[in-house]
Amino acid sequence: MLQQTHTKPMPLRTRLAPTPSGYLHLGNVLSFAITWALARQQQGTVILRIDDLDNARFRPEYLQDIFDTLHFAGLDYDEGPANAADFLANYSQHLRLPQYRATLQELVNQGLVYACPCSRKQLATYHISSNHACKHTRHPLTLPDTAWRVHIPEHVEIKFEDLLLQTCTIPIAAAIPDFVVQRKEGIPAYQVASLTDDLEMEVNLIVRGEDLITSTAAQLYLAQQLSNRDFVTTAFVHHPVVLEPNGHKLSKSHASLSIKEMRQNNLSSKGLWSILASIVGLDNREIEDASGFLDNFSLETLQKINRDSLQTI
């Protein structure tokens with residue numbers, strides 16, 4: 001069993017890591033608010049890191065929306081791009097492709113990666129498992145239109161401590177089997193890029209929604225395979241996610257109601273913070289801005305959350 005250690009390095013460094021693949025929604029801002037508050041309460045550093053490797057869904061208006069939404073919410077940060085133009089010139093993940101490819105090469109050197117040319121239709125007919133033919137075919141990694149997958153032995157579990165959920169044990173071989181580390185178009189996949197960025201930026205607190213707990217497990221698995229890495233000492237907070245009225249989580253890909261739309265319908269900054277306070281059970285406090293949220297928020301707040309209040313839209 002792979003296990004995360006409990007030591008958290010200091011000083012605290014965390015990140016806001018939105019993707020410019022759609023307009024930000026309430027769930028995104030809730031995650032930003034939690035991350036920001038935890039950092040500010042411990043005099044930590046907040047980094048704005050925008051994950052833009054997904055060219056297919058990137059739009060300039062989505063990039064601008066990240067800065068507009070942070071400004072509207074009054075959430076500041078200490079490191080990262082000042083605006084959209086600064087991001088594209090100096091901070092885009094496409095400028096860090098050599099670092100991601102170095103991580104991939106380390107995995108390749110250890111014999112952990114195999115090529116998989118299977119289409120989505122082919123993959124839909126069977127589960128990635130020990131019987132997946134590509135594990136044994138040994139296609140060359142240079143084969144065109146081929147994804148790279150990381151081999152995960154059966155029955156492997158990732159165990160780590162979460163500051164909110166306590167001990168988490170993820171059967172990674174079942175939950176996210178042989179996940180992709182390089183996409184067919186030759187671009188490093190999210191798990192590799194996110195891990196590499198967190199390591200280079202010395203992030204030691206990661207706040208995510210509970211729906212991304214398998215991503216945490218995947219990145220911890222990769223970190224365990226890589227030499228001289230400190231990701232396993234990172235602290236994690238996986239918070240409840242905001243839901244649609246039908247019980248599905250908010251999603252940019254499903255065109256969930258965005259902060260942009262809510263603002264067009266006359267949502268004020270004060271109104272936004274009132275909604276966020278209500279979601280986390282602080283609606284009995286007079287919270288009108290980020291400062292008020294900071295003064296009243298704690299992890300204990302999330303532990304007592306009424307999950308029925310998460311269906312807000």
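Start by selecting helix α4, residues 97–109, in this predicted model. With 13 residues at 1.5 Å each, α4 should span 18 Å, and its end C-alpha atoms do sit 18 Å apart, so expectation and model agree. Now colour the buried residues of α4: Leu97, Tyr100, Thr103, Leu104, Glu106 and Leu107. An α-helix has 3.6 residues a turn, so residues three or four places apart point the same way. Keep that in mind as you look along the helix.

What lies over those buried residues of α4? Show β4 (113–116), β5 (147–150), β8 (180–182), α8 (190–200) and α9 (213–225), which are among the elements covering them. Then step just past the end of the helix: α4 is followed by Gly111, which has a positive phi, near 75°.

Next, go back to the loop between α3 and α4 and pick Arg96. Arg96 makes a salt bridge with Asp197, and their closest N and O atoms are 2.9 Å apart. Asp197 belongs to helix α8, so to speak a long way along the chain: the two partners are 101 residues apart. Are these charged partners buried or exposed? Arg96 has 12% relative accessibility and therefore counts as buried, and Asp197, at 1%, is buried as well.

Stay with salt bridges for a moment; the structure holds 11 of them. Select Lys135 and Asp178, whose closest N and O atoms are 3.1 Å apart. Lys135 is in helix α6 (residues 133–137) and Asp178 in the loop between α7 (172–175) and β8, so this bridge ties together parts 43 residues apart in sequence. Both ends fall under the 20% cut-off for burial: Lys135 is buried at 15% relative accessibility, and Asp178 is buried at 2%.

For a contrast in setting, jump to Glu185 and Arg183. Their salt bridge has its closest N and O atoms 2.8 Å apart. Here Glu185 counts as exposed because its relative accessibility is 53%, while Arg183 is partly exposed at 23%. Before leaving the charges, select Arg15, Arg49, Asp51, Arg96, Asp197 and Asp198 together: salt bridges with shared partners join them into one network.

Now for the helix packing. Show α2 (residues 60–73) and α3 (residues 84–91), which pack at an angle of about 115° with axes 9 Å apart. Display the side chains that make the contact: Leu63, Gln64 and Phe67 from α2, and Ala84, Phe87 and Leu88 from α3. By class, that contact has 5 nonpolar residues, 1 polar and no charged ones.

Last stop: the aromatic rings. The structure holds 4 aromatic pairs. Select Phe160 and Phe236 and look at how the rings meet: the centres are 5.4 Å apart and the planes at 65°, so this pair is edge-to-face. Phe160 sits in strand β6 (residues 158–162) and Phe236 in strand β10 (residues 235–239), 76 residues apart. Phe160 counts as buried at 0% relative accessibility, and Phe236 is buried at 0% too.

Then move to Trp273 and Phe293. Their ring centres are 5.2 Å apart and their planes at 50°, so the pair is tilted. Trp273 lies in helix α11 (residues 269–279) and Phe293 in helix α12 (residues 290–296), so the pair connects parts 20 residues apart in sequence. Both residues are buried. Add Phe297 to the selection to finish: ring pairs link Trp273, Phe293 and Phe297 into a cluster.

How values were computed:
Residues numbered from 1 in each chain as written. Predicted model: local features only at pLDDT ≥ 70, side-chain atom pairs only at ≥ 80, totals over all residues. Heavy atoms only, no water. Axes fitted to C-alpha atoms, helices over the stretch in contact; angles between N-to-C directions. Helix = DSSP H or I, 4+ residues; strand = E, 2+ residues; numbered from the N terminus. Contact = heavy atoms within 4.5 Å. Nonpolar A, V, L, I, M, F, W, Y, C, P; charged D, E, K, R; others polar. Phe/Tyr/Trp six-rings, centres within 6.5 Å; stacked < 30°, edge-to-face > 60°. Buried < 20%, exposed > 50% of the residue type's maximum accessible area, 1.4 Å probe, protein only. Expected span 1.5 Å × (residues − 1). Salt bridge = Lys/Arg side-chain N within 4 Å of Asp/Glu carboxyl O.
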